[in-house]
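Student: I am new to this structure and would like a close look at just one part of it. Could you choose a place where charged side chains meet, and then show me how it fits into the rest?

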Amino acid sequence: MNSEDNYQTSENPSSTEVSRRDFVTWSLAAGLAAATSSVTGKELQVSETEVDVKTADGTCDAVFIHPSKGTHPGVLIWHDSPGVRPVMRALGRRVASEGYSVVVPNLFYRAARAPVFDSSFDYANNPADREKYQRITAPFFAAGAAERDAVAYVSFLDAQPQVNKKRKIGTHGYCLGGPYVMKTAAALPDRIGAGAVFHGGFLVTNKPTSPHLLAPRIKARLYFAIASDDDKREPEVKNRLREAFAKAKVRAEIEVYPNALHGWCVPEDGVGSGGARQSESKPSDNKADAERAWGKLVALYKTEL
């Protein structure tokens, strides 16, 4: 299920010169490329715990995953539309095994505890499921809700003995979760050191609340992995991101994966698949690009956290 297909809006292309908008991106790309080639660390054993995170709006059920020994930088994962489910837990474990203490919150906690959707959910073909999705996600999309949540999630991480509070926190998101990476980095600029967005939606809109307009408040180093079909549908997004970050002097790399389709960074698990685009791809279809994107994430965190 890719809800972005149903409510993401198209934007007008921007005309800023490439030389101005790309200088930050080029320098960052070179650094990450070098770091990616050296990512060979041994994976660590991890522990996984169900937790409740107190927020300004209630109690969020979440998963906390961390190496079994020691203290480590914290990481916040913003999940995609289908929510917290086995594949998101697996991605959390993979990050933790690289040496991070990870929280994967249920973004839709105001409406229901996870799992929120199951394999029978069909956004595209079932009107009742569309109504359910809108009802469950509406509180999360409310103005200011995600920003309040971001503060609570980071506060939770900082309260855990497995988190090294002397190190910066990282955050990354998939699909629906993408824009909240920028919102988190802007809400907590002195705490967030790195962020990554994989096939994200709502990154650029024509509204005054568009996430890309938060660039002047961001201090973190950022990476954006854009699917080829997303880029074809909204080719101006990458340009407007580059312009915003270059103007704000935010270190950011925006990369289009020419052979990858939306969803390629999240393994297929069947949940919510009834609403997916026919063009959606998974790591099983494009393992090389999925692993390349993963390498970029690990390199970013190793460099900045």
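Tutor: Let's start with E291, which has a relative accessible area of 43% and so counts as partly exposed, since that class lies between the buried limit of under 20% and the exposed limit of over 50%. Please keep in mind that this is a predicted model. E291 forms a salt bridge with R94, and the closest N and O atoms of the two are 2.8 Å apart. The pair links distant parts of the chain, because E291 belongs to helix α10 while R94 sits in helix α4 (residues 86-97), 197 residues away in sequence. R94 is partly exposed too, at 28% relative accessibility.

Now follow helix α10, which covers residues 287-304. This helix also helps to enclose an empty space: it gives 4 residues to the lining of the second largest cavity, the most of any contributor. That cavity has a volume of about 30 Å³. Around it you will find V95, E98, Y100, W294, L297, V298 and Y301. By class, 6 of these lining residues are nonpolar and 1 is charged, with no polar ones.

How does the pair of E291 and R94 sit beside other salt bridges? The count for the structure comes to 20. One of them joins the side chains of R85 and D80, at 2.7 Å from N to O. Both partners are buried: R85 has a relative accessible area of 5%, and D80 has one of 6%. For an exposed pair, turn to D190 and K219, whose closest N and O atoms are 2.5 Å apart. D190 lies in the loop between α7 (178-187) and β6 (192-198), and K219 in the loop between β6 and β7, so this salt bridge ties together parts that are 29 residues apart in sequence. D190 has a relative accessible area of 54% and is exposed, and K219 counts as exposed at 54% as well. Salt bridges can also join into a group, as with E48, E50, R89 and R93, which are linked in a network.

Let's return to empty spaces for a moment. The structure holds 2 cavities of 30 Å³ or more, and the largest has a volume of about 130 Å³. It is lined by 16 residues, and those closest to its centre are G200, L203, I226, D230 and V237. Three elements give two or more residues each to this lining: β7 (221-227), α8 (228-233) and α9 (236-248). Strand β7 supplies the largest share, 4 residues. The lining here divides into 7 nonpolar, 4 polar and 5 charged residues.

Finally, step back to the whole chain, which has 10 helices and 8 strands. Of its 305 residues, 58% are buried. Among contacts between residues at least 6 apart in sequence, 77% join residues at least 24 apart. The salt bridge we began with, from E291 to R94, spans 197 residues. As for the surface, the chain exposes about 12,500 Å², and carbon and sulfur atoms supply 52% of that area.

Key
Residues numbered from 1 in each chain as written. Predicted model: local features only at pLDDT ≥ 70, side-chain atom pairs only at ≥ 80, totals over all residues. Heavy atoms only, no water. 1 Å grid on protein atoms, 1.4 Å probe; cavity = no way out; pocket = protein on both sides within 12 Å on 5 of 7 lines; lining within 4 Å. Points joined across faces, edges and corners; volume = space filled by probe spheres on them. Nonpolar A, V, L, I, M, F, W, Y, C, P; charged D, E, K, R; others polar. Buried < 20%, exposed > 50% of the residue type's maximum accessible area, 1.4 Å probe, protein only. Contact = heavy atoms within 4.5 Å. Areas by Shrake-Rupley, 256 points an atom, 1.4 Å probe, with all protein chains shown as cover. Salt bridge = Lys/Arg side-chain N within 4 Å of Asp/Glu carboxyl O.
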